[in-house]
Amino acid sequence: MTLQLVTGPTNAAKAGVVLGLVREWSRAGAGGRAPILVVPTGPDADRYRRELLAVCGGAALGVQVGTFGRLLDAARRAAGVPARTLGPLARDRMLAVALRGVAAGRPLAGTAGRPGVRRRLAGLLEELAERGFTPAELTAALEALDAAEHGVDRQLVEDLGTVLGAVAARLDGLAAAADGPLPTPGAQALATRRALAADPARWGGRPVAFYGFDDLTFGQTALVRVLARVADVVVSLPYEDGRVATAARRPVVDELRAVAAESAGGAGSTGLLPLRPGDAVLDGAAVVAVDRHEVRLARPDAAGGRGRLERGLFEPPEGPAPPAAGDEDRPPLDDVVLVEGGSPRSEAEALVDELLRAAGELDLEWHDLAVAVREAAGPTGARLERELTARGVPVARPRELPARRTAVGAAVAALARLAVGTATPDDVVLVLRAGATRVGLDVVDRFAIELRREGITEARDAWRRAARHSPTLEGLDLLATVRLDHGTPTTPALAERLTGALPALEELLVTTTVPAPRDPERRALRRIGEHLRAVDALDEADPALVPTPEELADELAELPVPVGEPPGPGRLEIAAPGALRGRQVAVLALADLREQAFPAPDPVDPLVDRDARDVLARAGGVRLTVPVERLAAERTLFLELVARPTRRLLLSRAVAGPSGEAEPPAPFLADVLATLHPDRPRVVARGASRVRPAARRPVATPAPFGAALDDAGRETVRRVLLERDRFAVREVERLARCPVCWVVEHLARADDDEPTSVPQIHGTLVHAVLDRALAATVRDGEPYGAHDPEELVAAGRRALAELGPAAVAGLPTHRARVLLRRVDVGVAAVLRALPQRYDRATLRATEVVVDAPGDVPPVDLGDGALAIGRIDRLDRVDLPDGRTGLGVVDYKLGTGGAVACGRWPATGTLQAALYLAAATADGGAPPAYALYQPTSPVSGFDPGARPPAGVELRGVLNGRAGGPKTPEEVAAIVEDAHARAAAAVAGLRAGDVTPRPETSVHGDLGECDHPAIARLLP
């Protein structure tokens, strides 16, 4: 039994090696055991089944081709693990019931009715089950972490333990019952792996080949580890040692290499593994090396622009850049095309023109072309689909819509609301429209107009008028399934009534243009019927888990319904980038390459963030999935997409948004152009819309100077700096992170700060509201813990009502409304948590000026340089030794700026530490804490802001005897920040302008402010 790895770049003929092995397994019979070929998706299975027939002929008939789910199901059957698992509805309802028990004021309080929160909790529960850990083990590991250093919210951890523990106990009780289902699919997968590891003979030695994957999840890697001990397994991955673009795959490749090394000395179950030089399956492949457990293939020697991108994208240049003279005389590349539109619609029109041109010039079928776009299921994908459909191109754009977006789903949800008493007259109209033919729709429309003219606002009155005026008989039959005069029904009774209405709705579905299996209305009907049957089954199993009638009405409206044609022969596919990885097409278009398309922003996990996962993994206890560094993952994905087309690559972007503001391009587009230099792609420009100046400076601003500062430039910077003796603390922090970014922002673009931008207005308003609310409510000398949280929140809302209208006066109405709502939510969350988090501290002052003259003296950075600024909040707090210390709190608009002190040196964070140094410089009061307080709640938790992060003296806040730092440690951290700030100013004054991409990250945004510059400079 052995594991064979096949690695190499994209398009390195890995398919020939893998399919060749499958062919040999089939011909040899594999000891009577049919081999299994595992591919990423269902459409991939159909495609590779056809390729296998071409390669293997009749021998391919004995090969099972399917997704990883089919392999896992085969392993489960072989291991004798039960097939039943608890359904998603039951797990979701268990979480909802557990969340209802969370006390008010806690982070998870009031989230039982939020599907997004329940989905995140279900995902975490599934992850724990798949890895064999319990919620108790997770919460114990999180509680052992340093709260301030790693930003762990103790209350959130306690809530996680309570909620997940209650659900896990209930799941374990069901599993322990006779013939009870397994709790989750993750628990089923774990049981399957353990059963096969205990009795390898159950698998029977069936060989398995993985092909088309560009990465493996934990569950997939764990099953490979088990199968490699009981059978021959081959895994193909696009990976090259030492290449920047594939660095994101290094962890999974290293793990597979370790698994392969364990079995490298044994003989394979089929006699064909491990592969050796000269084996027939390696014929035709450019082999770099054949190790005992790995075959490394060479890069393809492709010509043209696509070949150059495959070989060199994201890699450092191999030599000096070629001279620029005469570049404009070179003919543009024909296999790489850049499409630029004056607006999103112009971009879509120009891109569709290029797709049609490519299909004609290259004589292609529609399934040979594909479009990858981030918002494939959103407005961008819809815009492209409309343009293509208008030109007669068959399109595949599978996606999901909420049931309320279909006529059937809207009618059923309306019936449910009518039954529970939360309906409006519009719900009566929705039911009548579902029961009307195309001819009867005019009657229903006239009825709706009549309701509005007469001012009917109650659903009951509209229901009675519908019965009297009889717009449609079918609609009245549907309305008759619910009775408004019988009171609110129980959930089982409501489910029974709605189930009775489904046959009538099905009879009314008349669609002549869409085949019945793909009709979204029929799909919605089927999905609703499945959900209602699941509710009935749940009522029989455990009535306590059944949703309330109101919850059922909401659930029916939001049920996901699959719509759109699936990928297949004769259809051009529009899909998200991840869905096209591993698929080869003749022409691929990467659309909507605006600023945050590639790379995409780093997602935030509000339950267990990346920092906590990384610390837990290094501790060796509870090991959760640690997300790959975002930039590395995005580079890998982008390279995979660029390498997919075999004939032509199209790159498209809109130079301006719908309102005419400039749209900066995706940073990776600059990498593409730099890799192609001195050649250039063929450019297609469409649209002459006038581009207005951006309302704020773009994040990826083109470099205002050359690729590097020359001696004259450095001397200019030095002279300017020597003339300055005052530096804002925030400015010093930016300087310490990356001198190049400091030069761009504070010298080259010193006057380009837009005080009227939405982020600036947001931050200024938050500070002003918090300042006024604290001044109005916090009494001198009285600790925060003595104040009523709701009184503080009320004061904040009064301050917002006074200050908000004037602050947003220059914004459009809808933006002003959204901004005021965001400020209200964030400020309320901070003020509500203030008495609990800072219970023993008292307010000394807000908006403290750090300057001379000022409230506190500036920070001396040496050689006459001073750091000045403004402290958002300065607190007094009693220390364990009886003295009174000072604490600094710095408000952060986003959640990314709250950096724990353990990461201050790596991220160049200085601001809070320098403010604490200034406040305690006279030696009268010792330092107590320097904390960053986010002023935005975590997504999905409202109210409840992220906890503060920074440095905190042990036992000072909230009575935590196990706090993080001793006085000596706090002093050392502050002194280290002071030293780094002084070194940064001294280095820049000496002419040191060196880019630091690894730390040039804006703490508030969580992303590089000048990615293009950071890549250009050495």
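D863 lies in the loop between β19 (859-862) and β20 (865-878). In this predicted model, D863 has a positive phi of about 55° although it is not a glycine. Most residues other than glycine have a negative phi, and most peptide bonds are trans. D863 counts as exposed because its relative accessibility, 68%, is over 50%.

**Backbone features in loops**

D592 also has a positive phi, of about 60°, and is not a glycine. D592 sits in the loop between β14 (585-590) and α23. At 9% relative accessibility, which is under 20%, D592 is therefore classed as buried. A positive phi, near 70°, is found as well at F314, the residue that follows helix α12.

The loop between β14 and α23 also holds P599. A cis peptide bond with omega of about 0° joins F598 and P599. A cis bond is likewise present between H677 and P678, with omega of about 15°. P678 belongs to the loop between α25 and β16 (681-686).

**Overall composition**

The secondary structure of the chain comprises 35 helices and 25 strands. Of the 1018 residues in the chain, 52% are buried. Among contacts in the chain with a separation of 6 or more, 76% are between residues 24 or more positions apart.

**Helix packing**

Two helix pairs, each with a right-handed crossing, are set out below.

| Helix pair | Distance between axes | Crossing angle |
|---|---|---|
| α20 (491-508) and α22 (549-558) | within 9 Å | roughly 40° |
| α4 (88-100) and α21 (520-541) | 10 Å | about 60° |

For the pair α20 and α22, which residues make the contact? Helix α20 contributes T491, L494, A495 and L498, while α22 contributes P549, L552 and L556. By class, this contact of α20 with α22 has six nonpolar residues, one polar residue and no charged residues. An α-helix has 3.6 residues a turn, so residues three or four places apart point the same way.

Helix α22 also contains D554. Because its relative accessibility, 52%, is over 50%, D554 counts as exposed. D554 and R404 are 150 residues apart in sequence, and their C-alpha atoms are 9.7 Å apart in space.

In the pair α4 and α21, the axes pack at an angle of about 60°, and the crossing is right-handed. The contact is formed by L89, A90 and R93 of α4 together with H531, A534, V535 and L538 of α21. The residues in this contact of α4 with α21 divide by class into five nonpolar, one polar and one charged.

**The second largest pocket**

The second largest pocket contains about 1,100 Å³ of space. Which of its 37 lining residues are the closest to the centre? They are P88, L89, A90, D92 and H531. L89, A90 and H531 also take part in the contact between α4 and α21. The elements that give two or more residues to the lining are α4, α5 (115-131), α8 (154-176), α21 and α22. By class, the lining has 18 nonpolar, five polar and 14 charged residues.

**Helix α12 and its cover**

Which residues of helix α12 (residues 304-312) are buried? They are G305, R306, G307, L309 and E310. The elements that cover these buried residues include β8 (333-341), α24, β15 (645-654) and α25 (667-676). Two of the covering elements, α24 and α25, also border loops described in this report: α25 precedes the loop that holds P678, and α24 (630-642) follows the loop that holds R623.

**R623 and its surroundings**

R623 is located in the loop between α23 (610-619) and α24. Is R623 buried, partly exposed or exposed? R623 is partly exposed because its relative accessible area of 43% falls between the cut-offs of 20% and 50%. Not counting residues up to four places away in sequence, R623 touches R131, F133 and A617. R623 and L138 are 485 residues apart in sequence, yet the distance between their C-alpha atoms is 9.0 Å.

Notes:
Residues are numbered from 1 along each chain as its sequence is written. This is a predicted model: local features need pLDDT of at least 70, side-chain atom pairs count only at pLDDT 80 or more; totals for chains, interfaces and linings use all residues. Side-chain values use heavy atoms; hydrogens and water are left out. Axes are lines fitted to C-alpha atoms, for helices over the stretch in contact, and angles run from 0 to 180 degrees between N-to-C directions. Helices (H or I, at least four residues) and strands (E, at least two) are DSSP runs, numbered from the N terminus. A crossing is left-handed if the near helix is turned anticlockwise from the far one by less than a right angle, and right-handed if clockwise. Contact means heavy atoms within 4.5 Å. Ala, Val, Leu, Ile, Met, Phe, Trp, Tyr, Cys and Pro count as nonpolar, Asp, Glu, Lys and Arg as charged, and the others, Gly among them, as polar. On a 1 Å grid over the protein atoms alone, a cavity is a set of points where a 1.4 Å probe fits but cannot get out, and a pocket is an open set with protein on both sides within 12 Å along at least five of seven lines; lining residues have an atom within 4 Å of a point. Grid points are joined across faces, edges and corners, and a volume is the space filled by probe spheres set on the points. Buried means under 20% relative accessible area, exposed over 50%, partly exposed in between (1.4 Å probe, protein chains only).
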